[in-house]
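User: Can you walk me through this model? I'd like to start with the helices and the empty spaces.
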Amino acid sequence: METPKHYLTKILLNYLKKENYHIDKHDFKLQLLSNPSYPSLKSITDSLDYFKIENVAAVVPTDALKQLPNFFLALIKNENNNSLAQVEQKKEKIKLFLDDGTTKSMTTDEFKEQWDGTVVVIDKQTEAAVTTNPMKLTPLVIVVMMVFLTLVVSVASFEIYSFLLSITSIVGVVLSYFLVREDLGLYNKETAKICNSVVQNTSCSDVVKSTSSKILGLFSLTDATIVFFSSQFLILTIVGFDMSAFKIVAVSSIPVIGYSLYTQGVSLKKWCPLCLGVAITLVAQLGIVLLVQSEFLVNPNYVVTSAITIMFVGLLWAFVKRLLKKEIELEETKTDFFSFKRDEKLFAHLISQKTLTVAPNLNSEYALVFGNLDAPLTITAVTNPTCGFCTNSFKVYDKLMQTHAGHFKMNIVFNVPANTFEYESTQIAQRIVELYSVDKDNAYSGLKEWFANKDVQFWHERYGSYTESSDLTTLQQHFNWCDANSIIYTPATIVDVNFFPKNYKIEDLPLFIEYLLERVNKKEPAVLQVQ
């Protein structure tokens, strides 16, 4: 069985689920795989930070194993390189979920011999778990529905043989589902468990993707399997049961079974447990129909109806498979693009293209600064309370304030009319200035509340209104600074003296915050490779 890099994503998602975190798996996968330092531990902690998940990566003494949580991530020493594993402590036993999709149990002493002390631990989510949509059609839900439908139809028709064939067809559909995932490269833990159930000379991937598994080089046995069992189930459920027709089909499957076994045992010399499961299912169906003693009589109408059903399912599957392949290609392209976009050398080049004309900081008397005032990194946010696009920008700034407030300072610069209180933008901005002079935290709270709801009446009730006799000098200084730097729009984001590149969305800023902090501190990122 191949060892795809996507198993690392599976391990992390499984760990997050254990700790009661429920996040979008596609978004998490995109963040992880597109990280420039993937598959390092830094890429893992960066991805966890992106989703605001508290985590710690450290090297601890192996004797401190008992002090660690029941679940954590660890680097396991291999012959050639280190690999990441999810660790579950069970009294004196350790259960590992490895990055090849398999599991392994061992004693604590055996684990300590393979463990180098490196761990990643996340805080357990104590809030109620986010439930998924109960109506989501997962494979398990579909199988349960099929079994229920089979029971209903069988009870109504009192056909025990129809019931047995329907159950075996459901088994065939399930096996086909795993074969299709293997064929499309959608590796998962369940497939790995099945395909690694026999240790010696097993590789579902090699068998499924071999040229000998193609009919005329075009139609794969995997496609034939899922179409066959799906059609069979529909025919039994909708059209009904005809013993003569099923005997013909069952006997016709004998050459297919023989060809599959010959290909695996002689040509490839590798076994596919999934394919063997399909062969056993076909043999079981053959045994069922041969047990029935009945007159052999072919029903032309039944044959025609069944043929139409098979053609319909075949065409439908061809369409669905094409969509699945396009979705997979699109996801890979998106990951590649995101990875290219996050290239730090590219970002460094683009951010250096445009700089401020005048000094980056306003006179301290007029500045609105939040975060760590002594931090070397400065992010200047030029905004306008009534600017629609400024809402998303402030959400990004606020996210950074929550995750990295101690590592940078944020200047808020209002680009609003500064010679009259006629405009609502000026009224809100002036009130923020007044709040800042009394309580910085309250001023930031006011900014956050405004961009969250923009409810004028509620906002004024909570934070008050501007003083009509107040001085607009601060807003005038802000406006003059924007004018001197030719900033005639909002929002605008400046990192130190460099404008955030227009090639990126403001939502991309958190992806580079670690790089910007390392650059301003003139430190190289410490990357610990997993593999």
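Analyst: One definition to begin with: helices here are DSSP runs of at least four residues, numbered from the N terminus. Also keep in mind that this is a predicted model.

User: OK. Which helices each supply at least two residues of the lining of the second largest pocket?
Analyst: Helix 8 (204–208), helix 9 (221–239), helix 10 (243–267) and helix 11 each do.

User: Which one gives the most?
Analyst: Helix 10, with nine residues. The whole lining has 26 residues.

User: What lies nearest the centre of that pocket?
Analyst: L221, T225, V256, V278 and L282.

User: And what volume does the second largest pocket have?
Analyst: About 510 Å³.

User: How does its lining divide into nonpolar, polar and charged?
Analyst: There are 16 nonpolar residues and 10 polar ones, and no charged residues.

User: Switching to closed spaces. How many cavities of 30 Å³ or more are there?
Analyst: The count comes to one. The volume of the largest cavity is about 30 Å³.

User: Which residues line it?
Analyst: The largest cavity is lined by L165, Q232, F246, V249, A250, Q285 and V289. Helix 10 and helix 11 are the elements that give two or more residues to this lining. Helix 10 gives the most, with three.

User: What classes are those lining residues?
Analyst: Five are nonpolar and two are polar, with no charged residues in the lining of the largest cavity.

User: New topic: how do people describe two packed helices?
Analyst: By the angle between their axes and the distance between the axes.

User: So at what angle do helix 6 and helix 11 cross?
Analyst: Roughly 165 degrees, and their axes come within 10 Å. Helix 6 covers residues 160–184 and helix 11 covers residues 273–291.

User: Are they roughly parallel or roughly antiparallel?
Analyst: Angles over 145 degrees count as roughly antiparallel, and the two helices are therefore roughly antiparallel to each other.

User: Is the crossing left-handed or right-handed?
Analyst: The crossing of helix 6 and helix 11 is left-handed.

User: Which residues meet there?
Analyst: On the helix 6 side they include Y161, L164, L165, T168 and F178. Among those in helix 11 are L274, C275, V278, Q285 and V289. The residues of this contact divide into 14 nonpolar and six polar, with no charged.

User: L165 came up before, didn't it? Where was that?
Analyst: In the lining of the largest cavity, where Q285 and V289 also appear. V278, from the helix 11 side of the contact, is among the residues nearest the centre of the second largest pocket.

Definitions and conventions:
Residues are numbered from 1 along each chain as its sequence is written. This is a predicted model: local features need pLDDT of at least 70, side-chain atom pairs count only at pLDDT 80 or more; totals for chains, interfaces and linings use all residues. Side-chain values use heavy atoms; hydrogens and water are left out. Axes are lines fitted to C-alpha atoms, for helices over the stretch in contact, and angles run from 0 to 180 degrees between N-to-C directions. Angles under 35 degrees count as roughly parallel, over 145 as roughly antiparallel, 65 to 115 as roughly perpendicular and the rest as oblique. A crossing is left-handed if the near helix is turned anticlockwise from the far one by less than a right angle, and right-handed if clockwise. Contact means heavy atoms within 4.5 Å. Ala, Val, Leu, Ile, Met, Phe, Trp, Tyr, Cys and Pro count as nonpolar, Asp, Glu, Lys and Arg as charged, and the others, Gly among them, as polar. On a 1 Å grid over the protein atoms alone, a cavity is a set of points where a 1.4 Å probe fits but cannot get out, and a pocket is an open set with protein on both sides within 12 Å along at least five of seven lines; lining residues have an atom within 4 Å of a point. Grid points are joined across faces, edges and corners, and a volume is the space filled by probe spheres set on the points.
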